[in-house]
Every structure is written in structure tokens, then in C-alpha cells.
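Me: Could you take a close look at one part of this structure for me? I would like to understand the metal sites, and then how they sit alongside the rest of the chain.

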Amino acid sequence: MERESEQKEHQLRKSDDADGLHLQPPSNSLWCSPAGHNLEFAHKMRVLDQAEQGWVDDEIATAAMKMLKSQYDLGGLRPTALFYGQTRAPSEERRQQLFWLRNLWQAADFKPERRQAQILYTGSLHWVLVSNYHQFEEELVYVYDSRDEPAPDFLINKVAAVYRFKSPKFRMSWPLVDQQRNNKDCGIYASAFLVALCNKTDPATVLLDDSKKLREHLVRCCEEGAFAVDDLFPTRSASTNKDWSAFSMSAHLLWQRFKKVRHRVALPDREIRIICECRMPPGKGRKDRNVMCQESKCDIKRFHESCIYNFDREFYERIERKHWVCPTCRSMFKRE
Ligand SMILES: [Zn+2]
Ligand SMILES: [Zn+2]
């Protein structure tokens with residue numbers, strides 16, 4: 001092991017950074033600590049697209065959110081690792097990840113707020129920003145997705161875990177936002193959309209500059225420990241004449257919209273039903289059953305069996321499933 005780290009020390013590489021050629025420290029050393037969140041030099045390499053194929057990881061996404069959380073009064077913005085879940089994991093592992101999401105609400109420091117924004121890993125190599133700011137309905141979550149993908153089940157479950165709406169259902173909607181032009185910028189775009197949101201700019205109106213400029217901007221902000229107020233990620237129209245840029249922007253948006261309509265890739269809204277104390281979508285299949293509370297006046301009605309095992313195991317195992325009444329109803333209606 002020592003050998004390895006020694007070798008790393010010696011792998012000082014030359015790079016053409018903004019200020020010319022200079023030696024870089026080993027990748028596992030501390031790079032900076034924006035809002036108290038330590039990032040290693042390897043993260044800088046990632047952000048600059050010089051390592052790990054330029055993918056933004058949990059640490060970078062979390063650091064971006066922490067910086068904004070310390071600057072703006074925004075709900076949510078929790079560490080992304082809380083909402084971990086991989087679509088391609090083996091099925092048993094996936095089930096455990098799903099149960100983790102369902103149990104999240106019981107963690108002491110996890111209290112959902114009315115309005116929240118959150119960068120989320122979709123579960124399949126992609127980052128998106130979700131938010132219920134900027135609309136009248138609280139139970140409508142916008143997914144700012146720079147690659148307009150049909151939402152994997154994991155993302156839907158993660159969104160439910162973030163918001164824990166009391167209502168029996170909520171809606172997810174995909175505004176037409178600027179699309180990344182490669183397969184690795186999603187985390188950068190999600191951060192840029194979030195910075196726009198913090199500055200009260202509709203992320204759907206932002207047209208981002210090329211990848212390199214966005215990445216350098218993120219590096220600078222991390223090193224400064226903050227996103228300067230009003231200093232959005234560089235946009236495509238920033239350098240052109242103002243009147244022209246306004247025109248080209250709306251022309252571009254129209255063109256994007258037209259392309260989407262023409263290619264039929266616009267994603268329809270999704271209505272997500274939620275059940276149980278955990279306020280998550282119903283389980284699927286034999287190994288993830290849903291159980292009805294037999295009290296007709298029950299507010300919740302349907303529960304995940306996996307959750308019942310957490311909060312009512314003893315009683316549930318004593319009684320037949322078709323006679324089960326949830327603890328709240330048992331105490332309220334005094335049924336024996
Ligand atoms: Zn549940
Ligand atoms: Zn009940």
C-alpha cells in the first residue's frame with residue numbers, strides 16, 4: 001500500500017491550467033473545503049474532465065449543494081449519499097436500498113421542508129435537479145434533466161423520499177431545459193440549474209456555455225468556497241450583443257421545443273401514488289408486499305410490509321394479515 005501511495009506522489013503530472021504549466025499535487029491530497037466539505041485533488045481532476053471520465057461524484061454534488069445552502073435560504077439540499085440507490089445493483093441489494101429510502105424519514109436529522117431542491121442520482125449514471133420551487137402547487141416536482149430520460153423507478157422513489165408528501169399522490173414534470181452535449185456533463189448541468197434557481201432564474205431559460213467553461217467555473221467556485229451572487233454558470237449568449245442574444249435565446253428555445261415535438265421525446269408528466277407512513281410508492285411483487293389496514297377510517301390505508309416490520313413487527317406476526325390494523329387506528333379506535 002505504501003508503495004502505491006509513494007508511486008502516486010511521484011506521478012506529478014504536468015497540466016495546462018489557466019495559469020500555464022505547473023506541477024500538480026498527488027490526487028488523494030486535500031484540494032479545498034467549500035462550506036466545510038472536504039474535496040480531494042482527484043475531485044478537481046474529475047471536474048476538469050481529466051479523471052474518471054469527467055463524472056461528477058457524490059462528493060462534488062454535495063459540496064455544490066452545501067455551498068448554496070450556506071448562501072441561500074433554500075430547503076432540502078442534503079448530501080446525495082442519503083439517497084443512494086443503483087438501478088443496476090443485484091435485486092436483493094436493490095431492495096435493501098429501497099428499504100433504506102423508505103426508512104430515511106425516521107432519521108433524527110431528516111425533516112422534509114415544504115419547499116425543497118435536491119440534486120439526485122437517478123440510479124443509472126445520471127444526475128438531475130429536482131425542485132418544487134416556482135410553482136403554486138407544492139405537490140408538483142419539477143425534474144430538471146439535461147438528458148431527458150424516462151425516469152427510472154429509483155428516481156421516483158428518491159423523489160418521494162425527499163419530499164414525503166402527505167397527499168395520496170404527487171406529480172412529476174419535466175420542463176424543457178438545455179440539454180448536455182456529451183454523456184458526462186449531467187452533474188455540472190444539475191449544479192448550474194440549481195445556481196440559477198437560487199438566483200431566482202428559471203432553470204428552463206438558461207442556455208449553458210461549452211463544457212470546459214462550465215467546469216472551470218465550478219472549479220473556481222469550489223476554490224473560492226462559494227458561488228458568487230448573480231454569477232451564474234457561463235451561458236452561451238453572454239458574449240454576444242444583448243438584443244441579438246435575447247433573440248437567439250428565444251429562437252433557440254423554440255427550436256429545441258420544435259425538435260422535441262417533432263421527435264416526440266417530450267416527457268409526459270407522471271402522477272405518483274404514495275402510501276404508508278413513509279409516503280413512498282407502493283411495493284411491487286411478492287417480495288415487496290403492501291398490506292391494508294382493516295380499519296375503514298384509516299387515514300393511510302395501505303402500508304409496505306417492509307415498513308410494518310419496522311414499526312409493528314410483534315403485533316403483525318401475531319395476527320393474520322387480513323386482520324391487521326395499523327397502530328394509529330388501534331389506539332384511536334381501541335380495537336382489540
Ligand atoms: Zn412504507
Ligand atoms: Zn390504520
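Reply: Happy to help; what follows starts with the metal sites and then moves on to a few other parts of the chain.

One thing to keep in mind is that this is a predicted model. The protein has eleven helices and eleven strands. Of its 336 residues, 48% are buried. Among contacts with a separation of 6 or more, 63% are between residues 24 or more positions apart.

Let's begin with the zinc ion (ligand 1). Its protein donors are C276 (SG), C278 (SG), H304 (ND1) and C307 (SG), at 2.1 to 2.3 Å from the ion. The four donor atoms subtend angles of 95 to 116° around the zinc ion (ligand 1), so the arrangement is tetrahedral. For reference, the ideal angle for four tetrahedral donors at a metal is 109.5 degrees. Along the chain, the donors of the zinc ion (ligand 1) follow the spacing C-x1-C-x25-H-x2-C. Two of these residues, C278 and C307, link distant parts of the chain: C278 belongs to the loop between strand 9 (270-273) and strand 10, while C307 is in helix 9 (residues 305-311), and the two are 29 residues apart. As for their surroundings, C278 has a relative accessible area of 1% and is therefore buried. C307 is buried because its relative accessibility is 4%, and the cut-off for buried is under 20%.

The zinc ion (ligand 2) has sulfur donors from C293 (SG), C298 (SG), C326 (SG) and C329 (SG), which lie 2.2 to 2.4 Å from it. This site is tetrahedral too, with angles of 101 to 120° among the four donor atoms. The sequence spacing of the donor residues of the zinc ion (ligand 2) is C-x4-C-x27-C-x2-C. Here C293 comes from the loop between strand 10 (290-292) and strand 11 (302-304) and C329 from helix 11 (residues 327-333), so this pair ties together parts of the chain that are 36 residues apart in sequence. Both C293 and C329 are buried.

Away from the zinc ions, strand 7 is a good place to look next. Strand 7 covers residues 140-144, and four of its five residues are buried. On one side of the pairing scheme, strand 7 joins strand 6 (residues 127-131) in the antiparallel sense over three bridges, and L129 stands opposite Y144 of strand 7. Strand 7 also pairs with strand 8 (residues 169-173), this time in the parallel sense, again over three bridges. Within that pairing, V141 has M172 in strand 8 as its bridge partner. To get from strand 7 to strand 8, the chain passes through helix 5 (residues 153-163), making a right-handed β-α-β crossover. As you look along these strands, it may help to recall that side chains alternate between the two faces of the sheet in a regular strand.

A last stop is S211, which is found in helix 7 (residues 211-224). With a relative accessibility of 19%, S211 counts as buried, since the cut-off is under 20%. Setting aside neighbours within four places in sequence, S211 is in contact with N182 and D185. With D185 there is also a polar contact, made between the side chain of S211 and the side chain of D185 at 2.9 Å.

Note on methods:
Residues numbered from 1 in each chain as written. Chains lettered and ligands numbered in written order. Predicted model: local features only at pLDDT ≥ 70, side-chain atom pairs only at ≥ 80, totals over all residues. Heavy atoms only, no water. Buried < 20%, exposed > 50% of the residue type's maximum accessible area, 1.4 Å probe, protein only. Pairing = 2+ DSSP bridges. Right-handed = clockwise from strand over helix to strand, strands pointing away. Donors = N, O, S within 2.8 Å, 3.2 Å for Na, K, Ca; no water. Tetrahedral: all angles 85-135°; square planar, octahedral: opposite > 155°, others 65-115°. Polar contact = N/O pair within 3.5 Å; in protein donor to acceptor, adjacent residues only side chain to side chain. Contact = heavy atoms within 4.5 Å.
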